[in-house]
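Colleague: Could you pick one part of this model and walk me through it closely? I'd like to go on to the rest of the chain from there.

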Amino acid sequence: NLNTLQSLLNVVEALQEFWQMKQSRGADLKNGALVVYEMVPSNSPPYVCYVTLPGGSCFGSFQFCPTKAEARRSAAKIALMNSVFNEHPSRRITDEFIEKSVSEALASFNGNREEADNPNTGIGAFRFMLESNKGKSMLEFQELMTVFQLLHWNGSLKAMRERQCSRQEVLAHYSHRALDDDIRHQMALDWVSREQSVPGALSRELASTERELDEARLAGKELRFHKEKKDILMLAAGQLGNMHSSNYRVSLNCLGFH
């Protein structure tokens, strides 16, 4: 009906207005209130669109979208639902929430209480992260956790441990560090050297990452971890391509082709 059509057309505006309202009410948005859309290049449907919220959370079109405009609206719809739901008091990190989460983690990993109080254990580190983010929402916490998920995926945490960095030092350093181009570039270089050691490693990782990203997008989940992984791997592939083409130019020059 007409009302449904109207609300569908306005969901992109509603999402932007929601974040502008949050900013006007004093939300700490370091990069402003702009919501950013990214279309996946394609000449035919289904079209796919990603939307990144001001804090860094990412969602994607979760339906079959016959047009680019429809893909944009689909992404905006799931992002708006999550943005609004995230405001609910039950989504805040409180003392009760921390106790419940730590107890569940201990039960899952057959841990004991002492582990939860030691920041050098995995569960202790989890507790430390929750304590440091008391009062924040689950989306804000997820944005911070994405950095650590990527460091773990990339092998950076393991490398830091081998350099005798304590878990607490790593947490303290990265808890205040936004995911920026420097981190992405460093991780991409790690994948370039992996590919040079084990040819095919990059394409295998990219294929599985794209599969995970698609599954999570169609399930309406928060996508930043999967999306950042894909972007880092694509960056690495681009760097490898540049290295190959410059090597090719050097070879031609050596052969006398200028």
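**Starting from a cysteine**

Modeller: Let's begin with Cys 58, which is buried at a relative accessible area of 3%; buried means under 20%, exposed over 50%, and partly exposed in between, using a 1.4 Å probe and protein chains only. Keep in mind that this is a predicted model, where local features need pLDDT of at least 70 and side-chain atom pairs count only at pLDDT 80 or more, while totals for chains, interfaces and linings use all residues. Residues are numbered from 1 along each chain as its sequence is written, and side-chain values use heavy atoms, with hydrogens and water left out.

Is Cys 58 in a disulfide or in none? Taking a disulfide as a pair of cysteine sulfur atoms within 2.5 Å, the count comes to zero. Cys 58 is in no disulfide, and its nearest cysteine sulfur, on Cys 49, sits 9.3 Å away. Cys 165, by contrast, is partly exposed, at 26% relative accessibility.

Right before that cysteine in the numbering comes Gln 164, which has a positive phi of about 70° although it isn't a glycine. Most residues other than glycine have a negative phi, and most peptide bonds are trans. Gln 164 lies in the loop between α7 (156-162) and α8 (167-175), and it's exposed, at 69% relative accessibility. The backbone has another oddity: the peptide bond from Pro 45 to Pro 46 is cis, with omega near 0°. You'll find Pro 46 in the loop between β1 (36-39) and β2 (49-52).

Zooming out, the protein chain has 11 helices and three strands, where helices are DSSP runs of H or I with at least four residues, strands are runs of E with at least two, and both are numbered from the N terminus. In sequence order, one helix is followed by the three strands, and the remaining elements are helices.

Take helix α9, residues 181-197: its 17 residues should span 24 Å at 1.5 Å a residue, and the end C-alpha atoms are indeed 24 Å apart. That expected span is 1.5 Å times one less than the number of residues. The buried residues of α9 include Ile 183, Met 187 and Trp 191, plus Arg 184 and Glu 195.

For the whole chain, 40% of the 258 residues are buried, and the C-alpha atoms fill a box of roughly 70 × 60 × 35 Å along the principal axes.
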